[in-house]
Amino acid sequence: MTAAAGADKPGEDDYVALRAALGHPVLDAELLERALTHRSYAYENGGLPTNERLEFLGDSVLGVVVTETLYRTHPDLSEGRLAKLRAAVVNARALAGVARQIGLGEHVMLGRGEEATGGREKASILSDTVEAVIGAIHLSGGFAASDPVVHRLFDDLMTEAADMGAGLDWKTSLQELSAERTLGVPEYVIEDFGPDHMKTFHARVRVAGELYGAGEGRSKKEAEQQAAETAYREIVAADDPAVSQAD
């Protein structure tokens, strides 16, 4: 099921698979529909309510649940280390990965322009929609409803993040690798798109004259981290191709 501008809105039956992927939370159908309404669809259909307020709420709910979980499960870690763990879990690329796992993209209601430019696969749209859905679930039933869903969707990511080691800070890792191989200091090339309150940042990184990476995030730091990871993996993989498959 897809919903483009001007199309009939999906019915409740269209959300059966999505509800199952979320763990069948008690979720008001109208709230779920709003969580899936991208602003491009809303604007092309008479100014419907968008999912942006729910995204704002969901971002905070996700942050609280992930932060508390990391705090409780890693009592030996410092505040700085916990912050890096959280950043590895709560970022646009990670959230987009969760969205793809549950098939969220096919349910997002997009305008014609976004539909035509591949909006269903854009990390920024997918990550925002995950947060909006979490916000809708929380609004429907508080933490009793949202907490289990966050754990269902993000527990594996939290476990993986704890095993990442130095990879939690890819910019530092890339800088150390560049120094070790006398490649010079990495330089980040940043572009931003969208209105001031909803900017998306894209980053690439130049190492020894070569451009690497395709980072995207809602902050420069997040986009740079993703670009640094790609550059690190590509540089190492040039010597050891097996590394490019490691996640």
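The following legends describe close-up views of a predicted model.

**View 1. The salt bridge between D128 and R218.** The side chains of D128 and R218 meet in a salt bridge, with an N to O distance of 3.3 Å. D128 belongs to helix α8 (residues 123-162), whereas R218 sits in the loop between β3 (210-217) and α10 (220-237), so the pair ties together parts of the chain that are 90 residues apart in sequence. D128 is buried, its relative accessible area being 12%. R218, by contrast, is partly exposed, at 32% relative accessibility. Both residues take part in a network of salt bridges that also includes E55 and E131. Across the whole structure, a search finds 14 salt bridges.

**View 2. The salt bridge between E224 and K171.** The closest N and O atoms of E224 and K171 are 2.6 Å apart, and the two residues form a salt bridge. This pair links distant parts of the chain, with E224 in helix α10 and K171 in helix α9 (residues 170-180), 53 residues apart. E224 is buried, with a relative accessible area of 14%. K171 has a relative accessible area of 25% and is partly exposed.

**View 3. The salt bridge between D192 and K199.** An N to O distance of 3.0 Å joins the side chains of D192 and K199 in a salt bridge. D192 is partly exposed, its relative accessible area being 39%. K199 also counts as partly exposed, at 21% relative accessibility; because buried means under 20% relative accessible area, K199 falls outside that class.

**View 4. The surroundings of G215 in strand β3.** G215 is found in strand β3 and counts as buried, with a relative accessibility of 0%. When neighbours within four places in sequence are left aside, the residues in contact with G215 are F201, H202, A203, A223, Q226 and A227. The C-alpha atoms of G215 and R204 are separated by 6.4 Å, although these residues lie 11 residues apart along the chain.

**View 5. The largest nonpolar core and the place of F154.** The largest nonpolar core has 39 residues, and those with the most contacts inside it are L22, L62, V66, L104 and F154. Helices α1 (16-22), α2 (29-35), α4 (52-73), α5 (79-89), α6 (92-101) and α8 each supply at least two residues of this core. Helix α8 gives the most, with 15 residues. Apart from its neighbours within four places in sequence, F154 is in contact with L62, V89, L95, V98, V130 and I134.

**View 6. The second nonpolar core.** A second core, separate from the largest one, has 14 residues, among them W170, L174, A223 and V236. A223 also appears among the residues in contact with G215.

**View 7. The largest cavity and its lining.** The structure holds 1 cavity of 30 Å³ or more. The space in the largest cavity is about 40 Å³. Its lining consists of H38, R39, N51, E52, E55, D128 and M198. These lining residues divide into 1 nonpolar, 2 polar and 4 charged. Two of the lining residues, E55 and D128, are also members of the salt-bridge network with E131 and R218.

Terms used. Residues numbered from 1 in each chain as written. Predicted model: local features only at pLDDT ≥ 70, side-chain atom pairs only at ≥ 80, totals over all residues. Heavy atoms only, no water. Salt bridge = Lys/Arg side-chain N within 4 Å of Asp/Glu carboxyl O. Helix = DSSP H or I, 4+ residues; strand = E, 2+ residues; numbered from the N terminus. Buried < 20%, exposed > 50% of the residue type's maximum accessible area, 1.4 Å probe, protein only. Contact = heavy atoms within 4.5 Å. Core = buried A, V, L, I, M, F, W, Y, C linked by side-chain atoms within 4.5 Å. 1 Å grid on protein atoms, 1.4 Å probe; cavity = no way out; pocket = protein on both sides within 12 Å on 5 of 7 lines; lining within 4 Å. Points joined across faces, edges and corners; volume = space filled by probe spheres on them. Nonpolar A, V, L, I, M, F, W, Y, C, P; charged D, E, K, R; others polar.
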